[in-house]
Amino acid sequence: MQAVGIRRGLTIDPAGEEEAPAERVGRLVRESPVVIFARRGCYMAHVMKRLLAAVGAHATVIELDAGAADELAAAAEAGHGAVPALFVGGAPVGGLEGLMGLHLSGRLVPRLREVGAIRD
């Protein structure tokens, strides 16, 4: 597992602690206001990251490789069944379709402000 765009306080593997994949995913989601879990090289995650950056939010992207099957399954389960999975303020948004739905409905920017991902 590799984190891209790490924020202060985000820990991938806590020292000396053994974590179940679902617990790790939950902890990572709580540590950052905007998190994307995706397979390495996922074009949909790239589009999600670009849209978020365009509105002023910078997501923490957790890239999971093929060897991280347990983490992929846990991220997919937490994010409504698939990766890429976006979480805003600890709540699952879904994938690219969920993000686009929030954006087109005008609820994305207010939600990002609410969780502190963008400032006025």
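Modeller: Buried means under 20% relative accessible area, and exposed means over 50%. The model discussed here is predicted.

Biologist: In what order do the elements of the protein chain run from the N terminus on?
Modeller: The protein chain has five helices and five strands. Its contacts with a separation of 6 or more reach far: residues 24 or more positions apart account for 62% of them. From the N terminus on, the order is β-α-β-α-β-α-β-β-α-α.

Biologist: What share of the residues in the protein chain is buried?
Modeller: The cut-off for buried is under 20% relative accessible area. The protein chain holds 120 residues, and the buried share is 40%.

Biologist: Which residues of β4 point one way, and which the other way?
Modeller: In a regular strand the side chains alternate between the two faces of the sheet. In β4, Ala85, Leu86, Phe87 and Val88 are all buried. One way point Ala85 and Phe87; the other way point Leu86 and Val88.

Biologist: In β5, which residue is the bridge partner of Phe87?
Modeller: β4 and β5 (residues 91-94) are paired in the antiparallel sense, over three bridges. Val88 of β4 has Ala91 of β5 opposite. For Phe87, the bridge partner in β5 is Pro92.

Biologist: Which residue takes a positive phi in the hairpin of β4 and β5?
Modeller: Two residues lie between the strands of this hairpin. The positive phi is near 65 degrees, and it belongs to Gly89.

Biologist: Is β2 largely enclosed by the rest of the structure or open, and how many of its residues are buried?
Modeller: β2 pairs with β3 (residues 60-64) in the parallel sense through five bridges. β2 also pairs with β4, in the antiparallel sense, over four bridges. β2 is largely enclosed by the rest of the structure, because the buried count among its six residues is five.

Biologist: Which residue of β4 is the bridge partner of Val35?
Modeller: Val35 has Thr60 of β3 standing opposite. Val35 is also included in a core of 14 residues, separate from the largest one. In β4, the bridge partner of Val35 is Phe87.

Biologist: Which element gives the most to the largest nonpolar core?
Modeller: The largest nonpolar core has 19 residues, and Val34, Ile36, Leu52, Leu86, Leu99 and Leu112 have the most contacts inside it. Two or more residues each come from β2 (34-39), α2 (43-54), β4 (85-88), α4 (96-104) and α5 (108-114). With four residues, the element that gives the most is α2.

Biologist: With which residues is Leu99 in contact, leaving aside its neighbours within four places in sequence?
Modeller: Leu99 is among the residues with the most contacts inside the largest nonpolar core. Leaving those neighbours aside, its contacts are Met48, Leu51, Leu52, Leu86, Val93 and Leu108.

Biologist: Are α2 and α4 roughly parallel or roughly antiparallel?
Modeller: Their axes come within 10 Å and cross at roughly 25 degrees. Angles under 35 degrees count as roughly parallel. Therefore α2 and α4 are roughly parallel.

Biologist: Is the crossing in which α2 passes α4 left-handed or right-handed?
Modeller: α2 passes α4 in a crossing that is left-handed. The contact uses Met44, Val47, Met48, Leu51 and Leu52 of α2, and Leu96, Leu99, Met100 and His103 of α4. The hand asked for is left-handed.

Biologist: Does Arg111 count as buried, partly exposed or exposed?
Modeller: Arg111 lies in α5. Leaving aside neighbours within four places in sequence, Arg111 is in contact with Val88, Gly89 and Ala91. Its relative accessibility is 24%, so Arg111 counts as partly exposed.

Biologist: How far apart in space are Arg111 and Gly89, C-alpha to C-alpha?
Modeller: Arg111 and Gly89 are in contact. They are 22 residues apart in sequence. In space, C-alpha to C-alpha, they are apart by 8.3 Å.

Biologist: Is Arg24 buried or exposed?
Modeller: Arg24 is found in α1 (residues 21-31). Arg24 and Ala75 are 51 residues apart in sequence, yet 9.4 Å apart in space, C-alpha to C-alpha. The relative accessible area of Arg24 is 12%, so Arg24 is buried.

Methods:
Residues numbered from 1 in each chain as written. Predicted model: local features only at pLDDT ≥ 70, side-chain atom pairs only at ≥ 80, totals over all residues. Heavy atoms only, no water. Core = buried A, V, L, I, M, F, W, Y, C linked by side-chain atoms within 4.5 Å. Buried < 20%, exposed > 50% of the residue type's maximum accessible area, 1.4 Å probe, protein only. Contact = heavy atoms within 4.5 Å. Pairing = 2+ DSSP bridges. Axes fitted to C-alpha atoms, helices over the stretch in contact; angles between N-to-C directions. Parallel < 35°, antiparallel > 145°, perpendicular 65-115°, else oblique. Left-handed = near helix turned anticlockwise from the far one by under 90°.
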